[in-house]
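User: I should like to learn how to read burial, packing, ligand surroundings and backbone geometry from a structure. Please take each feature in turn, with the general idea and then the case at hand.

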Amino acid sequence: MTRKQEKIKKTRHVCPRNCYDTCSIIAHTHDNVVKKVEGDPLQTYTAGKLCTKGYSYINRLYHPDRLKTPLKQTHRGSGVFEKISWDEAMDIISDKILSLYDRYKSHKSLVLNKYSGNFGVLHNAAEGFFNSLGSSSQAIGSPCWSAGLDANVYDFGNYLTSSPEQMAKAKLIILWGVNPAWTAIHSMPYIYQARSQGAEIIVIDPVFTASAKKSTIYFQVKPGSDLYLATALAKIIYEKNLYNHNFIDKHSHGWQDYASLLANYQLEDLAEKCGQKIENIEKLASLMANSSPMTVWTGFGLQRHRYGGQTIRAINALVAMTGNIGIAGGGVQYAHQETWKFNGFTEMLGQKADIRSISINNFTEELNALNDPPAHFLWISCRNLLTQSPARKELYQALGKLDMIVTVDQFMTPTAKFSDLILPTTTQFEEWDIVSSYWHHWIAINQPAITPYHESKSELAIAQTLAKALNKKRPNTSSFPTDLSERDFIEKEFNPDIYHKLEISSWRELLEGPRQYKNPVAWDRLDFDTPSGKFEFYSTEALKDELPATALELNYDYVDKNISYPYWLITPHSQFGLNSQFQNLDLIQKLNEGPFVIIHSNIAREKSLYDSSLAKIHNRLGSFTAKTIISDDIAPDTIVFYQGWYPNSDVYINDLVPGTITDMGKRATGSQGMAFYNTFVNITRL
Ligand SMILES: Nc1nc2c(c(=O)[nH]1)N[C@H]1C(S)=C(S)[C@@H](COP(=O)(O)OP(=O)(O)OC[C@H]3O[C@@H](n4cnc5c(=O)[nH]c(N)nc54)[C@H](O)[C@@H]3O)O[C@H]1N2
Ligand SMILES: Nc1nc2c(c(=O)[nH]1)N[C@H]1C(S)=C(S)[C@@H](COP(=O)(O)OP(=O)(O)OC[C@H]3O[C@@H](n4cnc5c(=O)[nH]c(N)nc54)[C@H](O)[C@@H]3O)O[C@H]1N2
Ligand code: SF4
Ligand SMILES: [Mo]
């Protein structure tokens, strides 16, 4: 062993991005510099591997564009920033908070917008700081998965997943509106394993995706039409008596109500609406009814439509009626939060805070409507609002009215650039944390490998620094604990239930490797969390929320699709970005070309467009110019643009996305979801 190798320190980390895989990482550090990152082999779901983005972490950590000090913009929109000290930054912010309090006698003119830049438990310090003030306004909900969560709540009473490794045991896997070959790459080996044992792998997607290329059968659907396909499948399975009588009789509620409605639909009509041949739907129905165990992975892409929740319910019904719930290798896989049940200490859940909540998805409108007191101050954390949020131009206008915007980030994003103050924050290589996945069942610890980069501080340290600055000016303004270390916070987040499920007695044992909950099969006891204790084809809870009781109500039209804007614009997640992250790295930009629009050849013919034509894509909200790629891999009348941030261009896809709200989402997340893919455009050759 050389001297240098002797001095290499190995530390445990977790990729805290909003990604299915939540990989465990081992960093190799020498002289306070991270030299190498690799996947942790003890986390057997990812099996010691990362994705391209994960392997680019050193590039991200030491990227010259990383924010190093607090910055103050001379005036908003100028793009001219001056370096300031933390003391100065805290002074400006605390003065503003106190003067607003004096004016309104509450902190409700302060608004927090935080989402998914980092899902670590200690990152809840942002919410914790706001809660510690006793009153505030906060954006709640999620742009990500809300409609699908509620669908699972109505049907099962909760959302659970089997451990994804279980998919290897399936005889049939349906990837429905999900593209794991890009968005959950570590699930692919389990899918390949099932395929090599003879399982059919079916992909249902308007795009012939990288996952579809690995499938055995591909169904190209029209965007937003899956509800018709699921209904057609249910009708066939019911009418041909292919359903599982045992599951339906013993473990389900409302089957008769549900099944009797199927007579209202004509197969020809349903087939036409989803663009499939009846014989193909019949083959699929027969496969579903005769291949047990069957796993259906309902993706987040599937529910980014106006009736996304209802669509997921219709698919859940298929998995239930074929008796695939609660069995190894079977079931519906959507998402879970069973491993997220920490104490909420960092979030200050024990604090009885008076929170005025507004929807994260209807943010612009609800921010504008705030009154008594109106919004004056916005704190943005883990969020790149000005690339990721819909109706971006209206959002700009709303933000422009605020007195002060503070953004906590690691890079000068478009959101940071619009802020008055920017606070630099640490990455997972510079801080302690605990991170769980919404997909697999592992929990892992993150320990610091190096000291914070330049003057950056962790989310937790920022909350503590600001709480101290405020309390110094006016005692007891914030109750956020300022004397506890990051490790104290971790200690206070754990509880006996988590220890029991992880089979450990202290969180420190996670320093020896990540641990997994021992509950591989969801709903294996077939006791559901619904009011009836059964799987509910008919949900009175849905009725209470003014939704149809069953998944069978299909008289939907897409009013935005009209002669002026006849093409669907779908904007799924890109291979080499993670929402707006990584796309600013030179290393990733070499792989992530763009921006470009992929258009179906029928549109190309109609509009005289060729490969690499320059085209204007437009709708009532705005327009942008991009190069075209012509492809028959996507459904007719459809345009695909991979969402994210293209730093070297002025194309912001959410300029054109109206921000239509989904049918469901409020139950699980507090606000309805976001139908990003319910967007219609026209295209003109330039
Ligand atoms: N058109 C369209 N728009 C979409 C979508 C779509 O499909 N189509 N998808 C939507 C979905 S599913 C999601 S989840 C949202 C995601 O939108 P966001 O939640 O905004 O997610 P990100 O772009 O991943 O990250 C936001 C910021 O967090 C910063 N960040 C990273 N780590 C940290 C940290 O430790 N602390 C702090 N303070 N900041 C950090 C990153 O640098 C980045 O600027 O986008 C949505 N927007
Ligand atoms: N590489 C990478 N990984 C990521 C992310 C990323 O940005 N990049 N983002 C992370 C986040 S925040 C999320 S939410 C997940 C998202 O990951 P996924 O759950 O895979 O979701 P999407 O990429 O939004 O869409 C998946 C597929 O749905 C298809 N789709 C769109 N509309 C329809 C429809 O009407 N019917 C059907 N059947 N399919 C449809 C799209 O064409 C796409 O192929 O991935 C996470 N992982
Ligand atoms: S982005 Fe996802 S797959 Fe890549 S390293 Fe992070 S958690 Fe793993
Ligand atoms: Mo997401």
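User: Is T477 buried or exposed?

Analyst: A residue counts as buried when its relative accessible area is under 20%. In this predicted model, T477 has a value of 11%, so it is buried. T477 belongs to the loop between α20 (459-473) and α21 (486-493).

User: Which residues is T477 in contact with, leaving aside its neighbours within four places in sequence?

Analyst: Contact is judged by heavy atoms within 4.5 Å. For T477 the partners are L98, H107, S132, L133, L470 and N471. S132 also shows how sequence and space are to be read side by side: T477 and S132 are 345 residues apart in sequence, yet their C-alpha atoms are 8.1 Å apart.

User: How does one read L284 in the same manner, and where is its place?

Analyst: L284 lies in helix α14. Its relative accessibility is 1%, so L284 counts as buried. Beyond its neighbours within four places in sequence, L284 touches I174, I202, I204, F219 and L233. For one of these, F219, the C-alpha separation from L284 is 9.7 Å, with their positions 65 residues apart along the chain.

User: What does the largest nonpolar core contain?

Analyst: A nonpolar core joins buried residues of the nonpolar kinds through side-chain atoms within 4.5 Å. The largest one here has 111 residues, and those with the most contacts inside it are I174, W176, Y258, M321 and L367. Helix α10 (residues 226-239) gives the most to this core, contributing nine residues. A second core, separate from it, has 48 residues and includes L98, M348, M404 and F489.

User: Which residues does Y258 touch, not counting those up to four places away in sequence?

Analyst: Y258 touches A234, A317, M321, F537, T550 and L552. M321 is thus a contact of Y258, and both are named among the residues with the most contacts inside the largest core.

User: Burial can also be read for a whole helix. Why is α6 described as largely enclosed by the rest of the structure?

Analyst: The approach is to examine each residue of the helix for burial. In α6 (residues 146-156), eleven of the eleven residues are buried, so the helix is largely enclosed by the rest of the structure. The buried residues include polar and charged members such as S146, N152, D150 and D155.

User: What do the buried residues of α6 pack against?

Analyst: They pack against the helices α15 (308-321), α23 (540-544) and α26 (666-669), and against the strands β13 (331-333) and β21 (535-536). G157 follows α6 and has a positive phi, near 90°.

User: Which residues other than glycine have a positive phi, and where are they placed?

Analyst: Most residues other than glycine have a negative phi, and most peptide bonds are trans. T22 departs from this pattern with a positive phi of about 40°. T22 sits in the loop between β1 (9-14) and β2 (24-30), and with a relative accessible area of 6% it is buried. E503 also has a positive phi, near 55°. E503 is in the loop between α22 (496-502) and β20 (515-516), and its relative accessible area of 49% makes it partly exposed.

User: Which peptide bonds are cis?

Analyst: An omega near 0° marks the cis form. The bond from S292 to P293 is cis, with omega near 0°, and so is the bond from D372 to P373. P293 is in the loop between α14 (278-290) and β12 (294-298), while P373 is in the loop between α16 (363-369) and β15 (377-381).

User: Which residues are around ligand 3, and where does the ligand sit?

Analyst: The shell is read from the residues with a heavy atom within 4 Å of the ligand. Around ligand 3 these are C15, C19, D21, T22, C23, C51, K53, G54 and H186. The shell divides into four nonpolar, three polar and two charged residues. Ligand 3 sits in the largest cavity. T22, noted above for its positive phi, is one of the shell residues.

User: Finally, is K590 buried or exposed?

Analyst: The cut-off for exposed is over 50%. K590 has a relative accessible area of 66%, so it is exposed. K590 is placed in the loop between α24 (586-589) and β23 (596-599). K590 and P647 are 57 residues apart in sequence, with 13 Å between their C-alpha atoms.

Key. Residues are numbered from 1 along each chain as its sequence is written. Chains are lettered from A and ligands numbered from 1 in the order in which they are written. This is a predicted model: local features need pLDDT of at least 70, side-chain atom pairs count only at pLDDT 80 or more; totals for chains, interfaces and linings use all residues. Side-chain values use heavy atoms; hydrogens and water are left out. Buried means under 20% relative accessible area, exposed over 50%, partly exposed in between (1.4 Å probe, protein chains only). Helices (H or I, at least four residues) and strands (E, at least two) are DSSP runs, numbered from the N terminus. On a 1 Å grid over the protein atoms alone, a cavity is a set of points where a 1.4 Å probe fits but cannot get out, and a pocket is an open set with protein on both sides within 12 Å along at least five of seven lines; lining residues have an atom within 4 Å of a point. A molecule sits in a cavity or pocket if more than half of its atoms lie within 2 Å of its grid points.
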